[in-house]
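Q: Please take a close look at a single strand of this model. Keep it brisk, and follow the chain onward from there.

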Amino acid sequence: MSVLTAENVNYFYQDGDSKRYILKDISCTFKRGTFYTILGASGSGKTTFLSLLSALDKPQTGKILYDGKDISELGLESYRRNKVGIIFQAYNLVPFMTAVENVRVAMSITENELPEDQALVAYNLLDYIGISKEKANRLVNQLSGGEQQRVAIARALATNVDVILADEPTGNLNEEMEEEIVDILKKLAHEHNKCVIVVTHSSQIAEQSDVTFKLKKGNFEREE
Amino acid sequence: MNYLKRAMISMKRRLGKTIILLLLVFILGNIISGAIAVQQAVTNTETNLKQNLPAVATLEMDYESYWAHQDATGEWAPAENLSSALIEQVAALPYVQDYDYSVMYTTFYSHDIERWNHPDPEFEHIIWEPTKEVDGLTQFDVKGIHNPEVLDINAGLIELTNGRTFTEQEINNFNQVNSFAIISQALADLNNLTVGSTFVLDNTIYDEFDESTWNLPPEELYSVDNILATESYELEVIGIFQPLASSRSGDEWQDAEQEIQLANRIYVPNALAETHTSFRVAAIEELGLYDDWEYTDEELESAKKPVYSSIFLLSDPLDLEVFAQEANESLPEFWMVSDLSNTFSDIASSMETLQWLASLILWISIVATLLILSLLITLFLRDRKHEIGIYLALGEQKIKVIAQIILEVVATGFVAITLSLFSGSLLARGISENMLRNDLIAQQGNSWDNGIYYGDGSDQLRYYAPEELTPEEMLENYEIALNGTTIILFYSIGTGALLLSTVVPIAYVMRLNPKKILM
C-alpha cells in the first residue's frame, strides 16, 4: 500500500491572465521500503514538488495523501511534525546548538511516541549515522559538511517517521561524502522500511535508486 | 528539548545579543524605576506631612475672591458674617472631633486686675495696649467659648492646672451678676487670684467716634469723663490654666507674642462676650450715632450680630480635604475653610512639580521602552529567521515559537528590571532630593519669617501648629523607599512593557514562511 500519493497535483504562478505551470497534473504513488529519486534539471520544479510532499507549500489543485488521507485535513504543521522527516541541501541545522541538540529539537517537536531517554536515542542515532559521541557534543558549525548532513539525516530519522524527504542532500558535498550519504539513504529504505524520496539533478544518484521519476517542464513520468 | 529549553540555550549561546537586550532594558528600567519611586515618594511625603499636620481648621473670609469681585465689578459685595447656627452645621460633619467658636473683638476694661507684661523689655511693645499709660486701667480681649470643655485644652495648647472647666449651664445661663472665667496662672499670680476669687470686668464705651477725639492722648481718651456707657460684670475664677510647651514655635518674637496673649487670656462663656457687641450697639444706637453715620437697616442689623471665629478639630488630619469640600458647600459667598495644609502651599507646589515631572518621564520612558525594545527584538528576530524557519519546517507550532521568543525577552528583561529597581531608586533619590531642596530654598523668601512656611496661614491656626518647619525638616519627610506598592507597580509596568514590546516581533514571526526561508 502506498504511504504517499500525489493526485492530480497542479502548481502554477498566476501571470496576469495566464498561468505559468511549474507542475502539471502530477499523479504518482510512493511506497515504504523503496528508495525513490526525482530527477530534473535546475528549475524543473522538483524542489517545488518536494515542498508539496513535505507540506511546506500547498498545490493549487490536486491533493497529497498520506496513507490515503489528505494532508491538508491532517494539518500541514502536524503532518510535518509527525509524518515526514525533511533533509535539506543546506542542512538547515540550528547553528548555535550541538549535533545532539539539533536531533533532540526534532524529537521534542514531534508528537510521535518516542523512547523515554531521548538523549540516549539521539546519541545512538548519530552514532549509527557515523557521528561519534564526541562529535555529537560539538556545535554543528564545528563539523564538516558531510558530518552536518549526517546530523540532518539523524534529525529526520529521530522522529520515528516513515517518510524521509531529501532535497539535493549531497548538493554541497564532495563525491566521497555523496556516496556515503546515498548509502545511508538506501539503507534506511531497504533495511528500515522507510519511504525515501530524494530530489536530485544527479543521474548517478538516480541510477542507485529503486524508482526514478523524471520531471521536465512540469510533466512527471516514471522512468523504467 | 522543548521550547523552554530552546529558550535557555538560545540565551546562553547567543550571549552578546542577550547582554545587549539586558543592558537596554536595564537603562530604560532605571528611568522607569526612578520615576515610579519619585511618584511614590511624593505621594508618601504628602501623606506624611498631612498626617503630621494638626487637624485643625477654621472658617474665614476669602479675601482674595472678595477683592477680585470688587476689582471686577467696582462694588463692594455685602460681607455676611457667619452665624452660630452655620458654625454648628459645619461642626455636625462626621469628621469633626471637637469644635468651638468665639465672639471676636471683645475688649473689656478693668480697674481690678493688672495685665501681665513680658519680663524682656525687648518685647514690651509687641502687642498694642492703648491703656498702658492710663493709671489703674487695663484692657483684656476675652475669649468667649461655646465648648464648656475648652477646646484649647483638647487641642493641646493649654492645660488646666487648677479648678475645673465650665458646665453647660454656666455656658448657656450667663447673667451679669453670676458669671465665670478661666484665667492663666500668670494672671492669677500677678493679681493674687485663686480658684473661687472674683474680679470685675467693665464693658465700657469711650467716646472715640468724633473726629475731635481721635488724637486725644490715652489718659484723656480713656478718662471717666469720656465714657459714653459702661456696665460691669463680676466673674468668679473657676479654673486656672498653664500654656503648654507645644504651643511654642521656637521663634522668640512669635513665642513672646503668644506668651503675652495667653497670659492675659480670659476664657468666658460666649454669652458674656456677646454682650460686648449687644451693649455697644445698643449704646451707639441710643446716642443716635448710627443715624449720623447713615447706616442702612441691613448695616444696622449686621452690626448687631456678633462676629464669630471658629476652630474645628478633626479626628484625622487626612480628612482635612474632604471636610473642607463638604463644609464649603454650606458657607456663604466669600467664605472658605482654612487649614494648615494651605500653609504648605510652597512645598506642595514643589512636590506637584516633581510629581508632574516624574509622571512625564514615566510615560515617555514607557513609550520609549516599547518602541526601542520592539525595534531591537524585531531586528534580532530577523537574524534568527533561519532558526525559526527550521523550527517551523520541523512542524513546530507558531504559538510555541512565539512563546520561546517571549520567554527569552521576559527572562532577560526580568533580570534587567530587577537590577534597575535598585539602581534606579538610588539615582532618583539623589537627583530628586537635590531638585526639591533647591526649589524649597528658592521659595523660602515667600514666608513671613525665614524658615517658617506659614506664608498664608490664618493667625488663629498658627497657635495650634506653631512649630517651624524648615526645608530640611520637610525634606526628611521625603523618602524614596522600596515598599510593596513601588515594587509591584514597577514590575507590573516593566513586565507589561516587555510583553507589549513583543507584539510587533510576534506579528513578524506569524508572517514567516519556512519554505521561503529554507528552500
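A: What follows centres on strand E7 of chain A and its surroundings.

This is a predicted model, in which local features need pLDDT of at least 70, side-chain atom pairs count only at pLDDT 80 or more, and totals for chains, interfaces and linings use all residues. Residues are numbered from 1 along each chain as its sequence is written, while chains are lettered from A and ligands numbered from 1 in the order in which they are written.

Confidence comes before detail. pLDDT is the predictor's confidence in each residue, from 0 to 100. Chain A averages 91, and 100% of the residues score at least 70. The lowest mean in chain A, 81, belongs to strand E10 (residues 219-223). The highest, 95, belongs to H4(A). Helices (H or I, at least four residues) and strands (E, at least two) are DSSP runs, numbered from the N terminus.

Now the strand itself. E7(A) covers residues 163-167, and five of its five residues are buried. Buried means 20 or more other C-beta atoms within 10 Å of the residue's own; exposed means 12 or fewer, and partly exposed lies in between, with C-beta atoms placed from the backbone. A:Val163, A:Leu165 and A:Asp167 point one way. A:Ile164 and A:Ala166 point the other way. Both sets are buried.

Next, the pairing. Two strands pair if DSSP finds at least two bridges between them. Strand E6 (residues 84-87) of chain A runs parallel to E7(A), joined by four bridges. Here A:Val84 has A:Val163 as its bridge partner. Strand E8 (residues 195-200) of chain A is also parallel to E7(A), with five bridges. A:Ile164 is partnered by A:Val196 in E8(A).

Between E7(A) and E8(A) comes helix H8 (residues 175-192), and the three make a right-handed β-α-β unit. A crossover is right-handed if, with the strands pointing away from the viewer, the path from the first strand over the helix to the second runs clockwise.

One residue on this path deserves a stop. A:Glu168 lies in the loop between E7 and H8 of chain A. Its phi is positive, about 45 degrees, although A:Glu168 is not a glycine. A:Glu168 is buried, because 21 other C-beta atoms lie within 10 Å.

Chain B offers a counterpart for reference. B:Asn192 has a positive phi near 55 degrees, again in a residue other than glycine. B:Asn192 sits in the loop between helix H7 (185-190) and strand E8 (198-206) of chain B. B:Asn192 counts as exposed, because it has 8 C-beta neighbours inside 10 Å.
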